[in-house]
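Reader: I'd like to go through this one piece by piece, with the cut-offs spelled out. Can we have it up first?

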Amino acid sequence: MTGESNRRRGFYQGAMYYGTILGAMWSVMYILMFIGVSNPLLLLGCMGLFVGSPIFAAMLARKYRREECCDMMKYMQAWGFIYCMYICASLLSALVIYLYLNYVDNGMFFAAIQEMLKISLELPGVDDVFRQQINETSKMIADTTASDFVWQIMSNNILNASVLPFIIAIFVRRNNNIQ
């Protein structure tokens, strides 16, 4: 193997390694969301992880830059690394969400949302338009399978992977002429 192919392999291995760490964080975030539907403290933890996720991704990419790239990484290298990291994180979190919803949750998440919608229908002063929207939402949730939900979350994560790395790479890159 040439030096270039070793560097490229190390680059992707690093992206997969740090993507696995990011994916584990996302998995915890989603599980907190699922079990926290009726617990505001767990939802707050979920929101904290959600907001902090891009910062955490930047910290992981900077760590890779410092340890493996002699503290130098061009913008496109940083973008590529973060993009690969996000793809790996998306795949891991989708797998964990699927396993959780199919084998641990047993429909409790969807049932909790249905119950919240049912309670909102019983509130005084709910107009007919809002009542119709709640009923349509309730039917849509009842028709949603765990697989459908996982695909939706994964597609949202892939969409984030196509947008956020452009922004995060600005903060991760470091050229030779920047001190």
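**Helices, contacts and charges**

Reader: Gly10 first: in which helix does it lie?
Author: Bear in mind that this is a predicted model, where local features need pLDDT of at least 70, side-chain atom pairs count only at pLDDT 80 or more, and totals for chains, interfaces and linings use all residues. Residues are numbered from 1 along each chain as its sequence is written, and side-chain values use heavy atoms, with hydrogens and water left out. Helices (H or I, at least four residues) and strands (E, at least two) are DSSP runs, numbered from the N terminus. On that basis, Gly10 lies in helix α1.

Reader: Is Gly10 buried, partly exposed or exposed?
Author: Buried means under 20% relative accessible area, exposed means over 50%, and partly exposed is in between (1.4 Å probe, protein chains only). Gly10 has 29% relative accessibility, so it counts as partly exposed.

Reader: How far apart in space are Gly10 and Arg174, C-alpha to C-alpha?
Author: Along the chain, these two are 164 residues apart. In space, the C-alpha atoms of Gly10 and Arg174 are separated by 19 Å.

Reader: What should helix α3 span, and how far apart are its end C-alpha atoms?
Author: The expected span is 1.5 Å times one less than the number of residues. Helix α3 has 31 residues (75–105), so it should span 45 Å. That agrees with its end C-alpha atoms, which are 41 Å apart.

Reader: Which residue follows α3, and where does it lie?
Author: The phi of this residue is positive, about 55 degrees, although it is not a glycine. Its relative accessibility is 61%, so it counts as exposed. It sits in the loop between α3 and α4, and it is Asn106.

Reader: Which helix gives the most to the largest nonpolar core?
Author: A nonpolar core here is a set of buried Ala, Val, Leu, Ile, Met, Phe, Trp, Tyr and Cys residues joined through side-chain atoms within 4.5 Å. The largest has 43 residues, and Leu22, Trp26, Phe34, Phe81, Tyr86, Leu101 and Val172 have the most contacts inside it. At least two residues come from each of α1 (3–35), α2 (40–68), α3, α4 (108–121), α5 (128–143) and α6. With 11 residues, the helix that gives the most to this core is α3.

Reader: What does Phe34 touch?
Author: Contact means heavy atoms within 4.5 Å. Leaving out residues up to four places away in sequence, Phe34 touches Ile97, Tyr100, Leu101, Phe109, Phe149 and Ile153.

Reader: And Thr144, what does that touch?
Author: Thr144 lies in the loop between α5 and α6. Its relative accessible area is 25%, so Thr144 is partly exposed. Again not counting residues up to four places away in sequence, Thr144 touches Phe110 and Phe149.

Reader: Nonpolar side chains tend to be buried together in soluble globular proteins. Which ones make a nonpolar patch on the surface here?
Author: Patches are made of residues with over 30% relative accessible area and no salt bridge: like charges are joined within 9 Å, nonpolar side chains (Val, Leu, Ile, Met, Phe, Trp, Tyr) within 5 Å. Areas come from the Shrake-Rupley method with a 1.4 Å probe; for residues, only the protein chains shown count as cover. One member lies in helix α6 (residues 146–172) and is exposed, at 52% relative accessible area. The patch is about 570 Å² and is made by Leu159, Val163, Phe166, Ile167, Ile170 and Phe171.

Reader: How many salt bridges turn up in a search of the whole structure?
Author: A salt bridge is a side-chain nitrogen of Lys or Arg within 4 Å of a carboxyl oxygen of Asp or Glu. Searching the whole structure finds three.

Reader: Which salt bridge lies in helix α5?
Author: The partners are four residues apart, about one turn of the helix. Their N to O distance is 3.0 Å, and the lysine is exposed, at 54% relative accessible area. This pair is Asp143 and Lys139.

Reader: Which residues are joined into one network by shared salt-bridge partners?
Author: Asp71, partly exposed at 22% relative accessibility, forms one bridge with Arg65 at 2.9 Å between the closest N and O atoms, and Arg65 is buried at 4%. Arg174 forms another with Asp71, at 2.6 Å. Arg174 is in the segment after α6 and Asp71 in the loop between α2 and α3, so the pair ties together parts 103 residues apart in sequence. Through shared partners, the network joins Arg65, Asp71 and Arg174.
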